[in-house]
Amino acid sequence: MLHTSQRFSFTYSLCLLVAALLTLGACGGRQAAPTLPNGQRLSILVFLDRTVAPETPPEKVQQLQQVHDFMEPDLLSLLRNAGYDAAAVSGIDAAGAAAPGRYILRVQVLSYNAGSKAARMFVGFGAGSARLDSHFELIGPGNQSYVSGSPGVATGRTDWQRVVRKVNQEIIAAVNLRLRQGL
């Protein structure tokens with residue numbers, strides 16, 4: 001049987017271990033953005049392609065607009081929190097040419113299915129999942145493609161914003177990885 005001082009020491013040690021693991025878990029997946037050799041932040045100009053096919057039904061157009069309206073500011077916020085200077089541009093032409101330390105991130109929603117919120121809430125087990133498929137390309141100096149990808153995410157959770165946030169996080173992870181390999 002443990003004495004009072006031993007129980008306190010064990011409990012205290014266990015609490016410190018749990019706190020350390022939680023801290024590592026919360027911070028472990030995030031990496032700060034790379035910087036220029038002089039320490040300045042890299043600049044990423046975000047172009048969210050809001051093009052919608054003309055044959056898209058009106059209710060689907062409204063859903064896509066809602067996704068775009070959430071996706072752009074969320075992506076900009078996540079990029080800034082990662083350590084980039086990020087700004088939205090209305091088009092690739094408006095962004096101008098990429099230059100050393102300045103990149104253009106083109107993002108496009110390929111498909112979005114809002115699923116059924118009622119099914120997600122009452123049935124669960126993946127029923128009524130929301131799904132978002134996208135494509136991105138990071139354009140660097142010389143207008144060359146530095147990295148591209150097509151993240152797709154589905155969730156059975158109750159809020160559709162989770163799929164958008166997860167896609168944005170996957171885009172930033174790919175951009176960070178590529179830019180860390182060399183500017």
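A salt bridge here is a side-chain nitrogen of Lys or Arg within 4 Å of a carboxyl oxygen of Asp or Glu. Keep that rule in mind as we walk through this predicted model, because by this rule the count comes to 6 salt bridges. One of them pairs Arg 50 with Asp 69, whose closest N and O atoms are 3.1 Å apart. This pair links distant parts of the chain: Arg 50 sits in the loop between strand 1 (43-49) and helix 2 (58-82), while Asp 69 belongs to helix 2, 19 residues apart.

How buried or exposed are these two partners? Arg 50 has a relative accessible area of 31% and is partly exposed. Asp 69, at 42% relative accessibility, also counts as partly exposed. Their bridge does not stand alone, for salt bridges that share partners join Arg 50, Asp 69 and Glu 72 into one network.

Let us step back to the whole chain for a moment. The protein chain has 5 helices and 6 strands, and reading along the sequence gives the pattern α-β-α-β-α-β-α-β-β-β-α. Of its 183 residues, 36% are buried. Take the contacts between residues at least 6 apart in sequence: 65% of them join residues at least 24 apart. The accessible surface comes to about 10800 Å², and carbon and sulfur atoms account for 57% of that area.

Now to the interior. The largest nonpolar core has 37 residues, and those with the most contacts inside it are Leu 79, Tyr 84, Leu 105, Tyr 112 and Leu 132. Strand 1, helix 2, strand 3, strand 4, strand 5 (144-149) and helix 5 (161-180) each supply at least two residues of this core. Which of the elements gives the most to this core? That is helix 2, with 8 residues. For a good place to start looking, try Leu 79: leaving aside residues up to four places away in sequence, Leu 79 touches Ile 44, Val 46, Tyr 84, Ala 86, Leu 105 and Ile 172. Tyr 84 and Leu 105, then, are neighbors of Leu 79 and also appear with Leu 79 among the residues with the most contacts inside the core.

From Leu 105 we can move along to Arg 106, in strand 3 (residues 102-113). The side chain of Arg 106 forms a salt bridge with Glu 137, with the closest N and O atoms 3.0 Å apart. Since Glu 137 lies in strand 4, the pair ties together parts that are 31 residues apart in sequence. Arg 106 is partly exposed, with a relative accessible area of 23%. Why does Glu 137 count as buried? Its relative accessibility is 17%, and buried means under 20%.

Glu 137 deserves a second look. Strand 4, where Glu 137 is found, covers residues 130-140. Besides the bridge to Arg 106, the side chain of Glu 137 makes a polar contact of 3.0 Å with the side chain of Ser 145. Setting aside residues up to four places away in sequence, Glu 137 touches Ile 104, Leu 105, Arg 106, Ser 145, Val 147 and Ser 148.

One more bridge completes the tour. The side chains of Arg 131 and Asp 133 meet in a salt bridge of 3.1 Å, N to O. Arg 131 is partly exposed, its relative accessible area being 36%.

Methods: Residues numbered from 1 in each chain as written. Predicted model: local features only at pLDDT ≥ 70, side-chain atom pairs only at ≥ 80, totals over all residues. Heavy atoms only, no water. Helix = DSSP H or I, 4+ residues; strand = E, 2+ residues; numbered from the N terminus. Buried < 20%, exposed > 50% of the residue type's maximum accessible area, 1.4 Å probe, protein only. Polar contact = N/O pair within 3.5 Å; in protein donor to acceptor, adjacent residues only side chain to side chain. Contact = heavy atoms within 4.5 Å. Core = buried A, V, L, I, M, F, W, Y, C linked by side-chain atoms within 4.5 Å. Areas by Shrake-Rupley, 256 points an atom, 1.4 Å probe, with all protein chains shown as cover.
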